[in-house]
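Work through the exercises below with the model open beside you. Each task is followed by a stepwise solution.

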Number of protein chains: 2
Amino acid sequence: MRIGVDLGGTNIAAAVVNNSGEILLKISNPTMAKEGQEGTVNRIIGTIKELIEKYDSRAEYKGIGIGVPGVCDIPNGIVKFAPNLFWKNVPIKEILQKEFNIPTYIDNDANAAALGEAWTGAGKDKRHIVCITLGTGVGSGLILNGDIFHGAQTAGELGHVTVLEDGPKCNCGNTGCLETLAAAPGIARIAKDAVLEGKETILNNYVQGEDFTGLTAKEVFDSAKEGDLVANKIVEDVARYLGLALANVINLLNPELIVIGGGVAAAGETLFVPLKKVVEERALKDLYNDVEIVAAQLGNDAGIIGAAALIK
Amino acid sequence: MRIGVDLGGTNIAAAVVNNSGEILLKISNPTMAKEGQEGTVNRIIGTIKELIEKYDSRAEYKGIGIGVPGVCDIPNGIVKFAPNLFWKNVPIKEILQKEFNIPTYIDNDANAAALGEAWTGAGKDKRHIVCITLGTGVGSGLILNGDIFHGAQTAGELGHVTVLEDGPKCNCGNTGCLETLAAAPGIARIAKDAVLEGKETILNNYVQGEDFTGLTAKEVFDSAKEGDLVANKIVEDVARYLGLALANVINLLNPELIVIGGGVAAAGETLFVPLKKVVEERALKDLYNDVEIVAAQLGNDAGIIGAAALIK
């Protein structure tokens, strides 16, 4: 039996996971990150205690795995920097091991999600997998030779590969990062620009005066599905940039599988059809033939299952 | 003691390499690939026999390693496709093992060169290395977790990542591949265009009437070093595209080292200074701090030493 914890900026989700990667019991509590580092650590401990009590207080656990939204020193189990948690240098592994006397493993949340999909989701039986999550940002994790690939410390920042040399300015300082063009806020921004330019489009229906909050990536994909030409062009551009980035990853890493998850991926075939076309045009033929591009299967559970998979 | 073979389109180089990666004796014979597959195989066998006799016919060898300019089925030791050799499905491992009764290992030549630099060259003591060779094409090999990374079959095609969406057409079918903009023929083509546009540049000195064969990448870098503005602009563009590609690789793989070799890299600081500037601008700061970008150290011996390093 294992304990998997998915530590998010909003919620702490924890589950008892068996050795086949099935969730037996899952609970969730608010993170309340703004109340400070110590409080969040205590809520993590409290959530794990609650889970253990609710499941079976006499059960034995092989380990605790925790996925963290930040940069980790993995061997030492230290969260070096997690902006959404307001954390800096938190030795979470040591803290939890001391509290529960159970071996504890940490990793970045995108890596944990990738490992979850590899264990029981879309990537079962594959050894080389690129997982990408298109949401408010672009997260990604690499599974190479069957395990998370970390590089020197934190590989897999696919959101910050350049896909358009003089593209929009990214928070990271670069221009034209994939994240500025294929994550939800970027898509909403492009849609807003189209409306402001006075283009004839049903995207206008989601705008109330000067209030554009109703016009999100979801409305763009929905409108494209309904045949709106402006929305279609936006989706094609997303596919163009994302396809270019994925073709580059394919030519570099020759993966067997690319798994796409997150809110933007919920657009389904509306995105996947033009995306696969671009990838096929740009990737080397042999390497394109080696790879499948599929939707993530585990949804929000990928992080928790992957956290449990961190346990060796 | 090991035998390393670097099988090229022009020459077959073979060497006795000790277990520290030092070349003890090296010989070379012409490949004469045009004379057909069987003849080339016989010349490889002949070259190894000659090497064994010249070095010490009583020496014992742990293995034969051979780097091949083509796509390999590595576990089975078959060269699936090597255009410069006119080879298709040659079971070279089986052939050499039968002939010499010595365990034989094969890999792609770019991978072998990367492993050579990792063993005794620029990459000693590093676990995550990206090797790139800028010559008539752009070759590359990935060393991840201390060993060649193959992906599904043949990872590391960095020459075919897209760096300019609507760039020049590449032989692979894609547009804007790094190879079209940063390998020697691409650089020569851009220089030719500049001369044909009538720009004021010392590049003109290398052109005889309509004969542009004297205007190669080397003359472009030499002219840039002399302060020629047109040549400088070409070098800056090469640095821009190569830097974009390398920053993407850094953000994706977080390597500790990037090793650049090949004829174009011989330009030295003329290329490296603007290149590093672009990489620094585009790569994530933490990941940029993890990586060094250096020149290859082994030159043409990388392939032969790396071939010897294939032996397990």
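**Exercise 1. Find the residues that line the largest cavity, and say which lie nearest its centre.**

Solution.
- Step 1. In this predicted model, 13 residues line the largest cavity.
- Step 2. Nearest its centre lie A:Asn248, A:Val249, B:Val161, B:Asn248 and B:Val249.
- Step 3. Now assign elements. Helix 7 (229-253) of chain A and helix 7 of chain B are the elements that give two or more residues to this lining.
- Step 4. Sort the lining by class. It holds 10 nonpolar and 3 polar residues, and no charged ones.
- Step 5. Add the volume: the largest cavity has about 120 Å³ of space.

**Exercise 2. State how many cavities of 30 Å³ or more the whole structure has, then describe the second largest.**

Solution.
- Step 1. The search returns 2 cavities at that cut-off.
- Step 2. The second largest has about 40 Å³ of space.
- Step 3. Its lining comprises B:Gly70, B:Val71, B:Cys72, B:Ile74, B:Asp107, B:Asn108, B:Asn111, B:Gln153 and B:Thr154.
- Step 4. Strand 5 (71-73) and strand 8 (104-108) of chain B each give two or more residues to this lining.
- Step 5. By class, the count is 3 nonpolar, 5 polar and 1 charged. Asp counts as charged, so the charged residue is B:Asp107.

**Exercise 3. Give the area buried between chain B and chain A, and the residues that supply most of chain B's part.**

Solution.
- Step 1. The two chains bury about 3300 Å² between them. Carbon and sulfur atoms account for 56% of it.
- Step 2. B:Glu165, B:Leu252 and B:Arg282 supply 22% of the area that chain B buries against chain A. No other three residues supply more.
- Step 3. Count the residues in contact: 37 from chain B and 37 from chain A.

**Exercise 4. Which polar interactions cross the interface of chain B and chain A, and which elements of chain B take part in the contact?**

Solution.
- Step 1. The salt-bridge rule finds 2 across the interface.
- Step 2. In one salt bridge, the side chains of B:Arg240 and A:Glu165 meet at 2.5 Å, N to O.
- Step 3. Polar contacts join 28 residue pairs across the interface, both residues at pLDDT 80 or more.
- Step 4. On chain B, strand 10 (138-144), helix 7 (229-253), helix 8 (269-282) and helix 9 (285-290) each supply at least two residues of the side that touches chain A.
- Step 5. Helix 7 of chain B gives the largest share, 8 residues.
- Step 6. By class, this side of chain B has 15 nonpolar, 14 polar and 8 charged residues.

Notes. Residues numbered from 1 in each chain as written. Chains lettered and ligands numbered in written order. Predicted model: local features only at pLDDT ≥ 70, side-chain atom pairs only at ≥ 80, totals over all residues. Heavy atoms only, no water. Contact = heavy atoms within 4.5 Å. Buried area = accessible area lost by both parts, 1.4 Å probe. Salt bridge = Lys/Arg side-chain N within 4 Å of Asp/Glu carboxyl O. Polar contact = N/O pair within 3.5 Å; in protein donor to acceptor, adjacent residues only side chain to side chain. Helix = DSSP H or I, 4+ residues; strand = E, 2+ residues; numbered from the N terminus. 1 Å grid on protein atoms, 1.4 Å probe; cavity = no way out; pocket = protein on both sides within 12 Å on 5 of 7 lines; lining within 4 Å. Points joined across faces, edges and corners; volume = space filled by probe spheres on them.
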